[in-house]
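Biologist: Please take a close look at one residue in the core of this model and say what packs against it. Then work outwards to the elements and sites around the rest of the chain.

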Amino acid sequence: MKMRPIQSSLVAVAAAMLLLSSVQAGESMSTASAKAIYSQGEKSDYLAGFHQKKLSADCSSCHPGDKVSDGQTEIDQKCVSCHGSYDSLGKKDMDAGKKISAHAGHLSINSCTTCHGGHEASFAYCNNCHIFEMPMKFGRQKEAYLPQDLSIYRDAVANRTEEADFVVVGAGGAGIAAAIEASRKGLKTIVLEKMPIIGGSSLLSTGGMNVAGSRQQQAAGIKDTPQMFVEDTLKVGKGVNDKVLVEVLAEQSRSALEWFEGLGGKLDLDPGVYGGCQAPRMHYTKSGGIGRYMIKEMKLALEKSGADVRVNSQVVRLEQDENGRVTGVLVKGKNTGLYRINAASVLLATGSYANNGALVSKYHPEFFGMVTSAQPGSHGDGIFLGKAAGAQTTHLERVQVHPNIASGTSLMITLAMRTNGGILVNNKGQRFYNDNAPRNELGAAMLKQPAQKVWLIYDDAVVAKRPKVHQGYVRLGVVVEGETPQALAAKIGIPAEEFAKTMKRYAEFVQAKKDDDFGRKELPEPLNEGKLYAIDVVPAIGGTLGGLRTDARTRVLDADGKPIPGLLAAGEVVGEWHGEDRYGGNAVAGNIVFGRIAAQEAAAAVGK
Ligand SMILES: Cc1cc2nc3c(=O)[nH]c(=O)nc-3n(C[C@H](O)[C@H](O)[C@H](O)COP(=O)(O)OP(=O)(O)OC[C@H]3O[C@@H](n4cnc5c(N)ncnc54)[C@H](O)[C@@H]3O)c2cc1C
Ligand code: HEC
Ligand code: HEC
Ligand code: HEC
Ligand code: HEC
């Protein structure tokens, strides 16, 4: 590749950029010193300096104009114009025989500057969840995305003001659904996402989406009703769920699925039944994880809808008038600084606080240091933003312990491997609990096992139901396989004869349709078909169940139970709908159901 020297407007660019960064830093520098810093000084030790010193690039090689936007897309386009697209780089890596490429991820990333820094160290975003060998030029291993104390912005001053009908805080499943719906209704909608990519934890969901009374269930001859869905959700949640929210979820689950299908999505019915529930109702995709598939489809619809989506843009304060009405937000843009957006409605769709260790261990000191499978930005900002605006928070101690994280990573192994037949054994080679019990129960049981060591075991019959997902785990190197129970036991270091006895006994229970040891009700597979597989799993924080209190219209309630005008919330930031424990598959459905309701509320607020 030949470098094209670009001489134009170098000084002007540098001067304008200086202005920008000095506004941010709150100090003034001369044009010459700015150029010095970015071309020879402390900010030139990285990729930008390398391109300038070694390749005679200048500022305009990477900066087409005099402004650096928060999303940095104008820089990305420059990278792509010389190096090729993200996908083409991925293809090159794969053609070169790489098994895993940072340029072929599953996060719908297309922004180079997510990982490659210009004037700061690069890092492989992948390693915020995985542990890959990914040495980067001018790089470090990973970025620590730590929770920020938002109260420092209480008196901060905005440098400019914009106007919108509807502001969506957080671009996960709930926020994206709301933004698509609102834009389609003609609302001027701005979506703010603090991370460099959109998708949130929603991108990571692997299991599926719960729906009652779907076309897919009818085609399979399965009887299911919203009423049965409500009963099952309350059962898993131990009856303390806000029943009104659960009813809305169940009644609108079918139209949520149809809405997704209307965007061009396609889901099938998973035959597995979640512990103790009355019908199979999880809908999934044969292409692999549900989250990556849904977010990809929804991202396309979002782009078409005309909503204005801004990454690297964190909401740090809710703006309120003297009557307490929420009138907008204060945003911290990565490069453009603090600004205000006025809006008739603000939706908090900020997801969980699973990655806020301080908040979780305040209620659960025993979970201190436990890993989480949530995305790195799940800090609970929405809880703090809401609280500062007078919102009621509820049951923040309700945290979900997921039993299925691949040891040494933050990779959640989908519960579908268990609902479709997998079992759990401890390091004595024995089962220890109903392996299809709700997650919190299983998580607690796991913590009591010797050395807290547990293996998820499944066979080729289970693989046949989720082949793509299984292949992914194999690619990641977390799966051990064996031809016989004895061979597998030897490989994972558990007592072979005891494990073989466990497997034989379990197959007999499946045959007899009755689990005499632990009372597991759904016994879909005897686990004696083809090869056997084992994944070393540990419990981790899978998500959070407490949060803001809302009514059935997604309006955020204050301490007296009255709606705070202008403020809505949807998704995992909302408390009470899951009760004590979340029925796996309800979150993905709820994102669409409540995201759409929030959009309808926002539309009504501006008379649309
Ligand atoms: C590994 C994994 C697997 C799962 N599998 C399933 C499953 O199969 N089925 C199911 O139903 N559920 C599943 N869940 C749970 C489900 O994915 C989540 O509950 C749900 O997706 C949350 O959606 P959300 O839109 O509320 O939040 P998220 O998708 O997390 O989105 C919130 C977004 O808000 C952003 N944000 C936060 N604070 C701010 C701020 N101050 N300013 C701007 N942006 C901000 C975040 O960065 C994030 O992108 C799974 C969860 C995980 C972690
Ligand atoms: C004007 C063209 C041009 C632009 C714009 C550009 N690069 Fe480069 N870059 C090159 C050339 C030429 C090289 C040296 C040859 C090579 O290694 O591909 C290089 C080298 C690199 C390398 C080091 C390769 C190695 O391991 O030695 C990385 C990483 C890189 N560029 C990333 C980026 C990123 C990220 C951007 C955008 C922020 C960017 N480049 C913008 C042309 C460009
Ligand atoms: C998810 C993180 C990530 C993203 C996004 C990313 N890269 Fe990379 N890139 C890496 C890592 C890690 C390496 C080091 C090589 C490796 O081991 O994969 C690398 C290496 C490179 C290299 C040098 C080696 C090579 O493959 O030629 C270039 C050039 C490069 N990236 C350009 C880009 C461009 C252009 C984009 C945007 C289209 C981009 N990268 C997006 C992580 C990323
Ligand atoms: C190889 C591409 C590249 C070149 C060349 C480059 N930059 Fe950048 N610049 C970036 C990237 C990428 C960012 C985004 C923030 C980061 O990663 O450091 C950025 C951000 C900035 C910012 C805003 C953020 C900050 O760090 O203050 C300023 C100002 C800036 N560049 C100035 C310059 C100037 C002045 C020059 C020329 C002397 C220059 N850049 C040359 C890639 C480049
Ligand atoms: C926010 C956490 C997170 C980040 C960041 C992340 N992953 Fe993953 N990754 C997961 C989870 C969870 C799974 C399992 C669920 C699934 O397959 O969707 C997974 C699965 C995988 C798999 C196996 C499935 C498959 O597609 O073959 C590969 C390979 C993989 N990731 C590569 C990457 C690469 C490369 C990157 C960086 C570009 C990356 N991941 C970034 C969480 C993450």
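Modeller: V329 touches V167, V169, L192, V315, R317, L318, E319, Y339, R340, I341 and V346, leaving aside residues up to four places away in sequence; a contact here is heavy atoms within 4.5 Å. The model is predicted, so local features need pLDDT of at least 70 and side-chain atom pairs count only at pLDDT 80 or more, while totals for chains, interfaces and linings use all residues. Residues are numbered from 1 along each chain as its sequence is written, chains are lettered from A and ligands numbered from 1 in the order in which they are written, and side-chain values use heavy atoms, with hydrogens and water left out.

V329 belongs to a wider set. Together with M209, V329 has the most contacts inside the largest nonpolar core, which holds 112 residues. Such a core is a set of buried Ala, Val, Leu, Ile, Met, Phe, Trp, Tyr and Cys residues joined through side-chain atoms within 4.5 Å. Buried means under 20% relative accessible area, exposed over 50%, and partly exposed in between, with a 1.4 Å probe and protein chains only. Helix 20 gives the most to this core, with 10 residues. Another core, of 38 residues, lies apart from it and includes Y473, L488, I492 and M503.

Helix 20 (586–605) also appears among the elements that cover the buried residues of helix 7, along with strand 4 (166–169), strand 5 (189–192), helix 10 (243–262), helix 11 (290–305) and strand 13 (345–348). Helices (H or I, at least four residues) and strands (E, at least two) are DSSP runs, numbered from the N terminus. In helix 7, 11 of the 12 residues are buried: G173, A174, G175, I176, A177, A178, A179, I180, E181, A182 and S183. The length of helix 7 (residues 173–184) agrees with expectation, because 12 residues at 1.5 Å a residue should span 16 Å and the end C-alpha atoms are 17 Å apart. The expected span is 1.5 Å times one less than the number of residues. Just after helix 7, G186 takes a positive phi of about 90 degrees.

Two other residues have a positive phi without being glycine. Most residues other than glycine have a negative phi. K238 has a positive phi of about 65 degrees and sits in the loop between helix 9 (226–236) and helix 10. K513 has a positive phi of about 55 degrees and is found in the loop between helix 19 (496–512) and strand 19 (532–544). K513 counts as exposed because its relative accessible area is 72%.

The iron sites come next. Donors are N, O and S atoms within 2.8 Å of the metal (3.2 Å for Na, K and Ca), and sites may look incomplete because water is not among the atoms. Six donors count as octahedral if opposite donors are over 155 degrees apart and all others between 65 and 115.

For the iron atom of ligand 4, the protein donors are H63 (NE2) and H119 (NE2), at 2.0 Å. The six donor atoms of this site make angles of 87 to 179 degrees, and the site is octahedral. H63 lies in the loop between helix 4 and helix 5 (73–83), and H119 in the loop between helix 6 (86–95) and strand 1 (122–123), 56 residues apart. H63 counts as buried because its relative accessibility is 11%; H119, at 23%, counts as partly exposed. Helix 4 (residues 59–62) contains S60, which is buried at 8% relative accessibility. The side chains of S60 and D58 are joined by a polar contact of 2.8 Å, that is, a pair of N or O atoms within 3.5 Å, one able to donate a hydrogen and the other to accept it within protein, with residues adjacent in sequence counted only if both atoms are side-chain atoms.

The iron atom of ligand 5 is coordinated by H106 (NE2) and H130 (NE2), at 1.9 Å. Its six donor atoms subtend angles of 86 to 180 degrees, which makes the arrangement octahedral. H106 lies in the loop between helix 6 and strand 1 and H130 in the loop between strand 1 and strand 2 (139–140), so the pair ties together parts 24 residues apart in sequence. H106 is partly exposed at 28% relative accessibility, whereas H130 is buried at 13%.

Terms used:
Four donors count as tetrahedral if all angles lie between 85 and 135 degrees; four count as square planar and six as octahedral if opposite donors are over 155 degrees apart and all others between 65 and 115; anything else is irregular.
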